[in-house]
Number of protein chains: 2
Amino acid sequence: MYDGIVQELIDEFGRLPGIGPKSAQRITFHILQTPSFDVKRLSELLSEVRERVRFCEICGNVAEQERCAICRDPRRNPEFICVVEDAKDVAAIERTREFRGLYHVLGGAISPIAGVGPDDLRIAQLMTRLADGTVQEVILATNPNLEGEATASYLSRLLTTMQITVSRLASGLPVGGDLEYADEVTLGRAFEGRRVL
Amino acid sequence: MYDGIVQELIDEFGRLPGIGPKSAQRITFHILQTPSFDVKRLSELLSEVRERVRFCEICGNVAEQERCAICRDPRRNPEFICVVEDAKDVAAIERTREFRGLYHVLGGAISPIAGVGPDDLRIAQLMTRLADGTVQEVILATNPNLEGEATASYLSRLLTTMQITVSRLASGLPVGGDLEYADEVTLGRAFEGRRVL
């Protein structure tokens with residue numbers, strides 16, 4: 001549609017997740033038409049991120065060193081490990097400021113349809129971390145969907161033999177949400193998990 | 001939230017139009033976690049696009065040479081000029097394959113609120129193009145909103161003295177749309193512009 005390279009950049013942006021052809025076009029034109037947009041900086045960051053960023057050898061979170069900022073932080077409580085599917089989930093939980101323990105990133109969830117089994121996840125590494133008896137509680141914070149629940153119950157079964165408390169994040173109505181618009185599964189969970197006031 | 005450079009790249013993506021913090025994070029992690037994603041290519045395209053892409057000296061469309069691919073194409077009919085606000089609109093109209101004339105990109109629309117007046121647009125260049133008498137019809141394809149309509153009526157008044165047909169794209173119901181969900185202005189326009197069958 002466009003002269004060569006403009007279309008190539010649109011196509012390249014279109015390969016990124018959540019960016020359709022229209023957004024890709026909008027972004028490309030923004031870059032073309034905004035002289036103040038620092039193309040060099042974005043290019044450099046892209047290259048650097050690939051070179052410098054690795055995954056924490058302990059928890060699997062993103063890191064610029066061998067260990068991530070959370071695993072390096074001596075103020076974090078090593079008795080609690082929160083198990084998540086993805087490094088993005090670590091950031092989401094960190095934003096709540098509710099949790100001061102450590103994390104373990106599985107790198108996905110069990111999904112027979114997608115061909116992801118327990119051996120494809122960082123479960124062996126989790127077991128190794130739990131071996132020395134420091135950890136008192138494992139909080140299963142996989143997603144509240146089919147794959148996440150399957151992964152949580154798999155892990156929960158795996159951990160029953162150990163002297164460790166295993167917990168799961170509460171399911172229920174989203175805060176600020178509207179009961180009327182909640183799906184029946186969520187509403188059902190909210191009933192099931194109701195608390196006496 | 002994240003270790004230095006990951007957050008920097010998230011922030012940089014977040015500066016692009018239509019990309020919120022969540023999307024920026026998703027894109028950054030996609031790049032981090034997809035070894036096959038060609039970071040180098042994206043970086044190179046970003047730099048090249050800035051260096052190589054300019055705007056056509058005739059119509060203002062994006063171009064890799066002094067003149068854009070459309071202005072260079074001898075098969076296009078120079079008797080018709082379609083006036084649009086933005087180079088993105090050229091691409092949108094080209095996709096319809098309805099128009100075989102040339103374009104003129106204004107670079108925006110008249111907007112007193114945004115402080116954009118006629119002198120800020122490529123209107124003088126349009127008048128120069130019309131001076132030699134080749135053009136028979138000017139199709140005003142500015143957006144069907146307040147600014148676009150203002151720009152179209154400004155241009156229409158400006159062109160009344162010339163021996164040129166001035167037309168405006170039809171407003172009406174979007175094809176495939178649902179009458180029930182059309183806003184009243186669109187529906188009003190659809191009535192106004194109704195055609196005898």
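**Figure 1. The span that UniProt lists as "zinc finger region: C4-type" in chain A of the predicted model.** The record, an unreviewed entry, assigns residues 56-71 of chain A to this feature. In the predicted model, the end C-alpha atoms of this span lie 8 Å apart, and its residues are 19% helix and 12% strand.

**Figure 2. The span that UniProt lists as "domain: Toprim" in chain A.** According to the unreviewed entry, this feature covers residues 79-174 of chain A. The C-alpha atoms at the two ends of residues 79-174 are 28 Å apart, while the secondary structure of the span amounts to 33% helix and 20% strand.

**Figure 3. Gly4(A) and its separation from Gly148(A).** Gly4(A) belongs to helix 1 of chain A, which comprises residues 4-14. With a relative accessibility of 40%, Gly4(A) counts as partly exposed, because this class holds values between the 20% limit for buried and the 50% limit for exposed residues. Along the chain, Gly4(A) and Gly148(A) are 144 residues apart, and their C-alpha atoms are separated by 43 Å.

**Figure 4. The open sheet of chain A, with two helices lying across its strands.** The sheet has 4 strands in the order 4-3-5-6, and the pairing is parallel. Its edges are formed by strand 4 (101-105) and strand 6 (165-168) of chain A, each of which pairs on one side only. Neighbouring strands of this sheet are turned against each other by 25° on average, with direction ignored. Strand 5 (residues 137-140) of chain A runs parallel to strand 6 of chain A and is joined to it by 4 bridges; in this pairing, Val138(A) stands opposite Val166(A) of strand 6. Helix 5 (residues 87-96) of chain A lies across strand 3 (77-84) and strand 4 of chain A, at about 155° to strand 4, whereas helix 7 (residues 146-159) of chain A lies across strand 3, strand 5 and strand 6 of chain A, at about 170° to strand 6.

**Figure 5. The open sheet of chain B, with helix 6 and helix 7 of chain B packed on it.** Parallel pairing links the 4 strands of this sheet in the order 4-3-5-6, and the edge strands, which pair on one side only, are strand 4 (101-105) and strand 6 (165-168) of chain B. The average turn between neighbouring strands of this sheet is 25°, direction ignored. Over 4 bridges, strand 5 (residues 137-140) of chain B pairs in the parallel sense with strand 6 of chain B, where Ser167(B) is the bridge partner of Ile139(B). Helix 6 (residues 123-130) of chain B touches strand 3 (77-84), strand 4 and strand 5 of chain B, and its direction makes about 150° with that of strand 4. Helix 7 (residues 146-159) of chain B touches strand 3, strand 5 and strand 6 of chain B, its direction making about 170° with that of strand 6.

**Figure 6. The buried and exposed residues of helix 7 of chain B.** This helix has 14 residues and reaches 20 Å from its first C-alpha to its last, close to the 20 Å expected at 1.5 Å a residue. Its buried residues are Gly148(B), Thr151(B), Ala152(B), Leu155(B) and Leu159(B). They lie on the same side of helix 7 of chain B, because they cover an arc of only 100° around the axis. An α-helix has 3.6 residues a turn, so residues three or four places apart point the same way. The cover over the buried residues of helix 7 of chain B includes strand 3, helix 6, strand 5 and strand 6 of chain B, while the face turned away from the buried side carries the exposed residues Leu146(B) and Arg157(B).

Definitions and conventions:
Residues are numbered from 1 along each chain as its sequence is written. Chains are lettered from A and ligands numbered from 1 in the order in which they are written. This is a predicted model: local features need pLDDT of at least 70, side-chain atom pairs count only at pLDDT 80 or more; totals for chains, interfaces and linings use all residues. Side-chain values use heavy atoms; hydrogens and water are left out. Two strands pair if DSSP finds at least two bridges between them. Axes are lines fitted to C-alpha atoms, for helices over the stretch in contact, and angles run from 0 to 180 degrees between N-to-C directions. Contact means heavy atoms within 4.5 Å. The expected span of a helix is 1.5 Å times one less than its number of residues. Buried means under 20% relative accessible area, exposed over 50%, partly exposed in between (1.4 Å probe, protein chains only). The arc is that of the directions from the helix axis to the C-beta atoms. UniProt positions are given in the numbering used here, feature names are shortened, and annotations may be inferred rather than shown by experiment.
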